[in-house]
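Here's a quick briefing to read with the model open next to you. It goes through the salt bridges, the sheet and the cysteines in turn.

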Amino acid sequence: MNMPPIVSPQEWDAAREEMLVKEKELTRARDALAAERRRMPRMAVEKDYRFEGPNGPVGLLDLFEGRRQLIIYRFFYEPGVVGWPERGCPGCSFMADQVAHLAHLNSRDTTLAYVSRAPQPNIERLRARMGWDIPWYTLTDDFDADFGVDEWHGTNAFYRDDEGQIFRTYFINSRGDEALGSAWAYLDMTALGRQEVWEDSPEGYPQTPPYEWWNRHDEYGEPPDAEHLEQIARVRAAESSDS
C-alpha cells in the first residue's frame with residue numbers, strides 16, 4: 001500500500017489542526033442541515049395503518065408508545081430474503097447492531113421502531129437470537145409502499161400533535177441510513193431535533209440546556225447530583241474556550 005509519510009509529533013499535530021478546520025466546517029454544516037429539517041413542511045397521515053405487534057393488532061399511533069415523535073426503520077426480514085427465516089437482511093442487521101440504547105431517544109420524547117413483513121413469531125425468534133430490544137412490528141397493509149420502503153430500506157420520522165393527528169416529517173434512505181444509529185443522528189432527523197437551547201429551531205420548540213438531560217440509560221428521571229452539574233460547568237467552559 002502507498003501509505004502517507006511518517007512525521008514528527010509536531011508535524012502530526014499541525015496536520016491534525018489543519019484537518020480540524022474542515023471537521024468543524026462539516027459539523028456546522030450538519031447542524032445547519034438539521035435546522036432546515038426542523039423547518040420542513042409536514043405531511044398529514046390520513047390512512048389508518050395497521051400492524052401486528054407482540055400483543056396483537058395495533059395502529060400507527062400505538063407505535064409512538066405515548067411519545068411525541070416516532071422513527072420507523074423498514075427492516076427487510078420476510079420470505080425471499082436470503083437465509084429466511086433464520087436470517088434477516090445483512091445490511092439491516094448491521095444497522096440494528098449499532099443502534100444506541102433506546103433510553104436516550106426515549107428521554108427526548110422519541111420512539112424508535114422497526115417494521116417488517118415477517119410474522120411476529122419469526123421476529124421474536126430473531127430478536128432473541130441477536131439480542132435486539134427495538135420494538136418490531138409486522139406490516140399488514142400498504143404502509144411500506146406509501147412511505148418509500150417497499151423495495152428497499154429507509155427511515156421515516158413522524159410527529160403527533162395533541163389531538164393525535166400524525167404527520168410525516170422526514171425520510172432518509174440509501175447511504176443516508178449509514179449515519180444512523182446514534183441517538184444524535186436519529187434526533188437530528190426529527191421535527192424537534194435534539195431539543196437543546198443552542199439549536200436553531202423555530203420559536204416555541206421544546207429546548208433544554210445541553211448535557212443536563214444526558215444520563216446513564218438506567219438513571220433517566222432522577223435529578224442530577226451536584227457533582228454532575230459541576231462537571232457540566234467544566235465541560236461548557238472548555239467548549240467555550242475551544243470555539
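**Salt bridges, sheet and cysteines**

Arg74 and Glu78 form a salt bridge, with their closest N and O atoms 2.9 Å apart. Keep in mind that this is a predicted model. The pair belongs to a wider network of salt bridges that links Arg74, Glu78, Arg117 and Asp144.

**Salt bridges**

- The count for the structure comes to 14 salt bridges.
- Are the two partners Arg74 and Glu78 buried or exposed? Arg74 is buried at 1% relative accessibility, and Glu78 also counts as buried, at 17%.
- Glu219 pairs up with Arg216, again with the closest N and O atoms 2.9 Å apart. Here Glu219 is partly exposed at 23% relative accessibility, while Arg216 is exposed at 56%.
- Another salt bridge joins Glu17 to Arg16, at 3.8 Å from N to O. Glu17 is partly exposed at 46%, and so is Arg16, at 40%.

**The sheet**

- Eight strands make up an open sheet with mixed pairing, and the order runs E1-E8-E7-E4-E5-E6-E2-E3.
- The edges belong to E1 (43-44) and E3 (56-59); each has a single partner strand, so one side of each has no neighbour in the sheet.
- E2 (residues 50-53) pairs with E6 (residues 136-139) in the antiparallel sense, over two bridges. Phe51 has Leu139 in E6 as its bridge partner, and Glu52 has Thr138.
- On to the next pairing: E5 (residues 110-116) and E6 run parallel and are joined by three bridges.
- Which residue of E6 is the bridge partner of Ser116? That's Thr138, which is also the bridge partner of Glu52.
- E5 and E6 also combine with helix H5 (residues 120-130) in a β-α-β unit, and the unit is right-handed.

**The cysteines**

- How many disulfides does a search of the whole structure find? The answer is zero.
- Take Cys89: the closest cysteine sulfur to its own is the one in Cys92, 3.5 Å away, and that's too far for a bond. The cut-off behind this is 2.5 Å between the two sulfur atoms.
- Starting from Cys92 gives the matching result, with Cys89 holding the closest cysteine sulfur at 3.5 Å.
- Both residues are out of the way: Cys89 is buried at 19% relative accessible area, and Cys92 is buried at 1%.

How values were computed:
Residues numbered from 1 in each chain as written. Predicted model: local features only at pLDDT ≥ 70, side-chain atom pairs only at ≥ 80, totals over all residues. Heavy atoms only, no water. Pairing = 2+ DSSP bridges. Helix = DSSP H or I, 4+ residues; strand = E, 2+ residues; numbered from the N terminus. Buried < 20%, exposed > 50% of the residue type's maximum accessible area, 1.4 Å probe, protein only. Right-handed = clockwise from strand over helix to strand, strands pointing away. Salt bridge = Lys/Arg side-chain N within 4 Å of Asp/Glu carboxyl O.
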